[in-house]
Amino acid sequence: MINTVTKNYNVDNVFCSYQVTYVNSNIVSSVPLDPANTDYQAIQKWIAEGGVVIDNGGGE
Amino acid sequence: MSKLEVDTIAPQSGTQVTLGESGDTVTIPTGVTLDASNATTSLPANVVTTDGTQTLTNKTIDASQLSGTVATSNLGTGTADATTFLRGDQTYASATPAAGSITTTQLAYNPNPFRNIIINGDMSIAQRGTSVSVSDGSNEGYQTCDRYEFYLQNAGSVFTWSQDTDVPTGQGFAKSMKFDVTTADTSVGSSEEVNFRQKIEGQNLQYLKFGTANAEQLTLSFWVKTNKTGIYIVKLYNSDSGRDVSASYTVPDSNWNKYTLTFPADTTGSFTNDNGRSLDIIWWLVGGSAVQGGTLNTSWRTNADASSATGQVNFADSTSNDFWITGVQLEAGTTASDFEFLPYDVNLQRCLRYYELLGSGTNYPLFNAYYLNPSAIYTVAPTKVTMRTNPSLVQTTGSSYYRFIRDSANDFFDSISIDISKTNYVELFNSTEASGTGGVAGFIRLNNASSYLAFNSEL
């Protein structure tokens, strides 16, 4: 069960992947922006159900 | 010529009567019947002549009295040589079967390699781990034996899900998958579901010809051991066409038993020819009233909950309950062939398409890397096999879980992110803790006993 979803930005400040944490788990997933990836599909479902993606912007 | 007319010729003395002398010819004219059927006869050496005009009637030649070679042309028709054999219809036929004349139907087993649609049917691969506690909302999904997903919905029970060594005796298996109820649930809610499943890519199912008049039946075989006897359900779900069918098996005792279920062909719903999820094989453990009721659905239909698990026992009704399974095989046709054992490395290769453990624990070596700029470490990691789709990166994170080793120094960081993910290579970076000099190269190791890194492209 997804806990948080945060956008990752690469060195060119391009949104490139999601960083996902899960409830009751120490696992973190970095998820590519690929509709065929089932972790990506789970994020989209989580968003559709009201989940809010954290966007800290690029430029770190 | 004189003529002797008598009714009986008998020896004057003794027991012998002689006709003629050596060199004479004794002629029996045409139309005369020589009836010797009641006599004990010593046949002359040449009673069967070469012209074949004489026959033996009501006489037996003992096999021990036969010798010599019978011409092959007198035994059958056709060409008699080293490449032929004599059939029962006295015809010489080729000893080599004609091309394509032997089909799997005529064999006692299915010889097709990789006939098992299931991956890791012998439960030998468990990259993620060998034991985990699972409850609704915690540790569901893929956790132990590769390719098997554990699913709980509105369930109050808790399970220890593990790879185990309890296997059926003498069958060649070394591992099984075990579900141990650690918190019971005696009151099953209407929408409660507990099951485990394996999902299959559509491109691996095209030869089943689903959605056509030539669709194949499917036979599922597996070994199960459980102390919770009664009826269990297996459901097939075609997620491409939204269709399902179920079958039941009855556990009679607490021994290892092999179960074989044959599912009908579906001439209506096809599988999409791609790398996506197409077929789920679902083993039920608990099913609420929403999936029970009526008569179990044993024909392909538009997918529905009702009647898809009718009769399923409540496996989770006691903490004494255990369930083991191994030797899972799904194949085309109506017969369960012997389990197709694959070499460990081949089995692992097949699992790597969906999940690849890169490493775990302190000082596990990973990749060469370099500072792309003073605040970003980059690396490109190859996957061992072409993965099903662009993979995610699965990891544990924490303070200094990763170490970048360079000339006479170490830099530490907490996590890795994906920049670009492809099925053969994944570009990874850290730009949150990394701090160094652009262009400096080194390599990355895991740096904590709890560090863990893997690629995931499961269905």
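**Exercise 1. Decide whether strand β9 of chain B is enclosed or open, and name its partners.**

Step 1. Start with burial: in strand β9 (residues 230-238) of chain B, 8 of the 9 residues are buried, so the strand is largely enclosed by the rest of the structure. Buried means under 20% relative accessible area, exposed over 50%, and partly exposed in between (1.4 Å probe, protein chains only). Strands (E, at least two residues) are DSSP runs, numbered from the N terminus, as are helices (H or I, at least four).

A word on the model: it is predicted, so local features need pLDDT of at least 70 and side-chain atom pairs count only at pLDDT 80 or more, while totals for chains, interfaces and linings use all residues. Residues are numbered from 1 along each chain as its sequence is written, chains are lettered from A and ligands numbered from 1 in the order in which they are written, and side-chain values use heavy atoms, leaving out hydrogens and water.

Step 2. Now look for partners; two strands pair if DSSP finds at least two bridges between them. With strand β10 (residues 243-251) of chain B, β9(B) pairs in the antiparallel sense over 9 bridges, and B:Val234 stands opposite B:Ala247.

Step 3. Find the turn: β9(B) and β10(B) form a hairpin with 4 residues between them, where B:Gly242 has a positive phi of about 65°.

Step 4. Add strand β12 (residues 277-287) of chain B, which pairs with β9(B) in the antiparallel sense over 5 bridges. Here B:Lys235 stands opposite B:Ile282.

**Exercise 2. Work out how the ring of B:Phe222 meets the rings of B:Tyr249 and B:Trp283.**

Step 1. Know the rule: rings of Phe, Tyr and Trp (its six-membered ring) pair if their centres lie within 6.5 Å; planes under 30 degrees apart count as stacked, over 60 as edge-to-face and the rest as tilted. The whole structure holds 27 aromatic pairs over all chains.

Step 2. Apply the rule: B:Phe222 and B:Tyr249 have ring centres 5.0 Å apart and planes at 75°, so they are edge-to-face. B:Phe222 lies in strand β8 (residues 218-226) of chain B and B:Tyr249 in strand β10 of chain B, so the pair ties together parts 27 residues apart in sequence.

Step 3. Check burial: B:Phe222 is buried at 0% relative accessible area, and B:Tyr249 is buried at 4% relative accessibility.

Step 4. Repeat for B:Trp283: its ring centre is 6.1 Å from that of B:Phe222 and the planes are at 85°, so this pair is edge-to-face. B:Trp283 lies in strand β12 of chain B, so the pair ties together parts 61 residues apart in sequence.
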